Amino acid sequence: MPEATRILPFSDDSIAEAARLIGEGQPVAIATETVYGLAADAENAEAVARIYEAKGRPSFNPLIVHVPDLLAAQRIGDFSDDAKRLAEQHWPGPLTIVLPLKADARVASLVTAGLSTIALRVPAHPAMQALLRAVGRPLAAPSANASGSISPTRAEHVLKSLGGRIPLIVDAGRTERGLESTIVASTGGELRLLRRGPIEVPDAREETSGAIEAPGQLASHYAPSKPLRLNVTAPEPGEFLIGFESIGGSENLSATGDLVEAAARLFDLLHHADASAEPRIAAAPVPDSGLGAAINDRLRRAAAPR
Ligand code: TXA
Ligand code: MG
């Protein structure tokens, strides 16, 4: 974790520096046309875990993935005709579209919190556009504020909220819209409005009760189909053990007890346990500090009777 956060004005040099840090797996704050985002390589699970670590999010909500254009988006999400029309009409711009995730997309499972759908956005802001093109990979980016605080529309807001927790803020002044993107879901059937925002989508059926404004509210959050037992130090026969540190063998969230690594592996291991031959799942105890709290929140939800 960096001890000092630098603020650099948007320029070729600051974008090159931001791209270098992102290549190292660090999250970097950068202006978009809506709010400042905290961006990391969406294909690097540990980099995505560091977003949650920096924000101090107590649970894993799925994140919006940013790409430079519709072509890049079509490599990740499966577009219906309606979704494509919407994208052509409003991208680049403050619209996010939730789509079925393509099977061959390389986005880390932590980005979607294990879901088979993905939220995609093509931002219009030249700073975020420049970063996307410099990195050459999709960027996961929630708003660049600590969990529970208001969304940042200036670099100083980011500094106040995340100073000392991230290495760099790319400052492009005040964001133009000051309001998070509109979110529309196109995951089968008609378009559904999940979050109101700067763009009006009259075709979308309003479903704001289904949106996830608070942590963990997503009704369709991934949960395994098998029963899950928590805080297990000695698994029973018929249990697939998701290990942690010294408890468990090869199927371990992190043999060294590294919570960033554990968060990065969580959804892959849950899917793996669900697909295994064992009829039940067990999970070793994970310390409840920092990212561990978010991991435990997810494990408790996965263990809750349905
Ligand atoms: O304007 C914005 O959208 C900003 C800038 C940085 O792009 N980003 C942003 O991200 O607001 P965030 O993480 O604060 O909001 C992401 C929201 C989640 O709370 C959830 O409502 C929705 O996107 N979301 C993401 N993936 C989803 C999925 N697969 N299904 C349904 N909703 C999803
Ligand atoms: Mg937010």
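# A guided tour of the model

Start by selecting Val28, which sits in strand E2, residues 28–30. Keep in mind as you go that this is a predicted model. Is Val28 buried or exposed? A residue counts as buried when 20 or more other C-beta atoms lie within 10 Å of its own; Val28 has 26 such neighbours, so it is buried. Now show its contacts, skipping the neighbours within four places in sequence: you should find Ala18, Leu21, Ile22 and Ala39, together with Ile166, Pro167, Leu168 and Val170. For a distance check, draw a line from the C-alpha atom of Val28 to that of Ala49; the two residues are 21 apart along the chain, and the line comes to 13 Å.

**Zoom out to the whole chain**

Colour the protein chain by secondary structure, and you will have 8 helices and 14 strands to look at. The radius of gyration is 19 Å, close to the 19 Å from the globule rule for 306 residues, so the chain is as compact as a globular protein of that length. Align the view to the principal axes and the C-alpha atoms fill a box of roughly 55 × 50 × 30 Å. If you colour by burial instead, buried residues make up 48% of the 306. A contact map is worth opening here too: of the contacts with a separation of 6 or more, 68% are between residues 24 or more positions apart.

**The annotated span**

Next, select residues 12–199. UniProt lists this stretch as "domain: YrdC-like", in an unreviewed entry. Its end C-alpha atoms lie 30 Å apart, and the span is 30% helix and 19% strand.

**Around ligand 1**

Centre the view on ligand 1 and bring up its surroundings. Which residues are the closest to it? They are Thr34, Gly37, Pro62, Ala119 and Pro142, out of 27 that surround the ligand. Strands E5 (95–100), E6 (117–121) and E10 (192–195) are the elements that give two or more residues to this shell. E6 has the largest share, with 4 residues. Colour the shell by class and you get 15 nonpolar, 9 polar and 3 charged residues.

While strand E10 is on screen, pick out Arg195, which lies in it. Arg195 has 19 other C-beta atoms within 10 Å, so it counts as partly exposed; the cut-off for buried is 20 or more. Measure from its C-alpha atom to that of Val184, 11 residues away in sequence, and the distance is 7.1 Å.

**Three backbone stops**

A little background first: most residues other than glycine have a negative phi, and most peptide bonds are trans. The next three selections depart from that pattern in one way or the other.

- Select Trp91 and Pro92. The peptide bond joining them is cis, with omega at about -5°. Pro92 is in the loop between helix H4 (81–90) and strand E5.
- Move on to Ala113, in the loop between E5 and E6. Its phi is positive, about 55°, although it is not a glycine. Ala113 is buried, with 20 other C-beta atoms within 10 Å.
- Then go to Asn231, in the loop between E12 and strand E13 (239–242). Here too phi is positive at about 55° in a residue that is not a glycine. Asn231 has 13 C-beta neighbours inside 10 Å and counts as partly exposed.

**Helices H7 and H8**

Select Asp274, in helix H7. With 18 C-beta neighbours inside 10 Å, Asp274 is partly exposed. Beyond the neighbours within four places in sequence, its contacts are Pro224, Ser225 and Lys226. From its C-alpha atom to that of Asn252, 22 residues apart along the chain, you will read 15 Å.

Finish with helix H8, residues 291–303. How far apart are its end C-alpha atoms? They are 18 Å apart, and that agrees with the 18 Å expected for 13 residues at 1.5 Å a residue; the expected span uses one less than the number of residues. Show the buried side of the story by selecting Leu291, Ala294, Ile295, Asn296, Arg298, Leu299 and Ala302, which are buried in H8. Then add what covers them, including helix H2 (45–55), strand E12 (228–229), helix H7 (259–275) and strand E14 (280–283).

Key
Residues numbered from 1 in each chain as written. Chains lettered and ligands numbered in written order. Predicted model: local features only at pLDDT ≥ 70, side-chain atom pairs only at ≥ 80, totals over all residues. Buried ≥ 20, exposed ≤ 12 C-beta atoms within 10 Å, placed from the backbone. Contact = placed C-beta atoms within 7 Å. Rg over C-alpha atoms; globule rule 2.2 N^0.38 Å. Near = placed C-beta within 6 Å. Nonpolar A, V, L, I, M, F, W, Y, C, P; charged D, E, K, R; others polar. UniProt positions renumbered as here; feature names shortened; annotations may be inferred.
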